Each structure stands twice: as C-alpha cells, then as structure tokens.
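Good morning, colleagues. I would like to take you through one structure today, beginning with its strands and then turning to its interior and one loop.

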Amino acid sequence: RAVKAAAKAEGGAVTRFFHGTTRSAAESILRGLRPVSTSTGPHAAGSFFAHEASAANALQAASHWPVVQGKVASTGVAVVEMTVPNATLEALRAQGLIRVGPVAGMGRLFPMETVFSPQVLDTLTSSATFRLVPPSF
C-alpha cells in the first residue's frame with residue numbers, strides 16, 4: 001500500500017528497463033510478472049532481471065540474454081520494456097528489494113543489471129507498464 005500511495009504522489013517521473021527473453025515468455029510477462037527464473041546466481045529464485053534503458057547498450061544487452069543463455073536463436077528473441085514510476089522504485093529500494101550491480105561473469109561486456117526480488121513482482125505488475133520493443137543486435 002505504501003508503495004502504491006508513493007507512486008501516485010510522484011506525479012509521473014518514471015524509469016524504463018529492458019528485459020530480454022523468448023517470445024512466449026514475453027507474452028507471459030505482458031500478462032503479469034511471475035517468479036519463474038531459476039538461473040539466478042546469488043539472487044533469489046524468481047528474481048526479475050533487467051537493464052535500465054538509460055545505460056549504454058542496454059537494449060543490445062537485453063536482446064542478447066536469451067541467445068547467451070541458449071534459449072533461442074536471435075530470431076526468437078523478444079524484449080519487454082518495463083516502465084516503472086520512480087516513487088515505486090524508491091520505495092522498493094528503501095526496503096532493499098532491488099539490487100543494481102555488474103552482471104556476474106560478464107565483466108564490462110554488459111551494462112549494470114537491476115535485480116528485482118520475487119517479493120516485488122506483484123507491485124511491478126500493478127504499477128508498471130509493459131510493452132514489446134524490437135530487439136537490437
């Protein structure tokens with residue numbers, strides 16, 4: 001409740017993120033985030049990973065993830081753009097439910113990743129907007 005109230009009070013400032021995945025998974029995300037990720041490294045299973053759109057090469061990095069993970073060839077990639085009210089992000093960060101850092105094992109090849117813990121998926125589903133954007137390689 002506090003997160004939703006904070007988002008409404010913000011008045012429109014937002015941050016965009018890119019999440020690369022398969023076409024079928026992208027369609028599922030458009031219907032609502034679910035804690036389905038299992039290859040999460042040090043993060044909780046079900047975490048949602050994305051690159052902040054303002055980062056250099058964020059769209060390219062998101063586009064490459066499904067290929068790097070061996071899920072699909074480049075022709076099967078979909079990228080979901082998630083737009084989140086900044087007030088929502090700040091409230092979630094204050095609770096320690098969002099982490100930003102380098103992609104493990106990728107050095108400087110990929111921009112920083114934002115990891116949303118599974119506990120915030122319902123909040124993101126209700127407060128963010130989602131749309132498909134063309135991948136970029």
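Let me begin with strand E1, residues 14-22: seven of its nine residues are buried, so the strand is largely enclosed by the rest of the structure. Please bear in mind that this is a predicted model.

What does E1 pair with? Nine bridges join E1 to E3, and these two strands run antiparallel. Within this pairing, Arg-16 stands opposite Thr-83 of E3. E1 is also joined to E2, again in an antiparallel arrangement, by two bridges. Here Phe-18 is the residue that faces His-51 of E2.

I turn now to the interior. The largest nonpolar core comprises 20 residues, and those with the most contacts inside it are Leu-33, Phe-48, Met-82, Phe-116 and Leu-124. Two or more residues each come from helix H2 (23-31), strand E2 (48-52), strand E3 (77-85), helix H4 (86-94) and helix H5 (121-127). E3 contributes the most, with four residues.

Leu-33 deserves a separate remark. Leaving aside residues up to four places away in sequence, Leu-33 touches Phe-48, Met-82, Leu-121, Leu-124, Thr-125 and Phe-130. There is also a second, separate core of seven residues, among them Phe-18, Val-77, Val-79 and Val-133. In soluble globular proteins, nonpolar side chains tend to be buried together.

Finally, the loop between E2 and helix H3 (58-68) holds Asn-57. Its phi is near 65 degrees, a positive value in a residue other than glycine. Most residues other than glycine have a negative phi. Is Asn-57 buried or exposed? With a relative accessible area of 51%, Asn-57 is exposed.

Definitions and conventions:
Residues are numbered from 1 along each chain as its sequence is written. This is a predicted model: local features need pLDDT of at least 70, side-chain atom pairs count only at pLDDT 80 or more; totals for chains, interfaces and linings use all residues. Side-chain values use heavy atoms; hydrogens and water are left out. A nonpolar core is a set of buried Ala, Val, Leu, Ile, Met, Phe, Trp, Tyr and Cys residues joined through side-chain atoms within 4.5 Å. Buried means under 20% relative accessible area, exposed over 50%, partly exposed in between (1.4 Å probe, protein chains only). Contact means heavy atoms within 4.5 Å. Two strands pair if DSSP finds at least two bridges between them.
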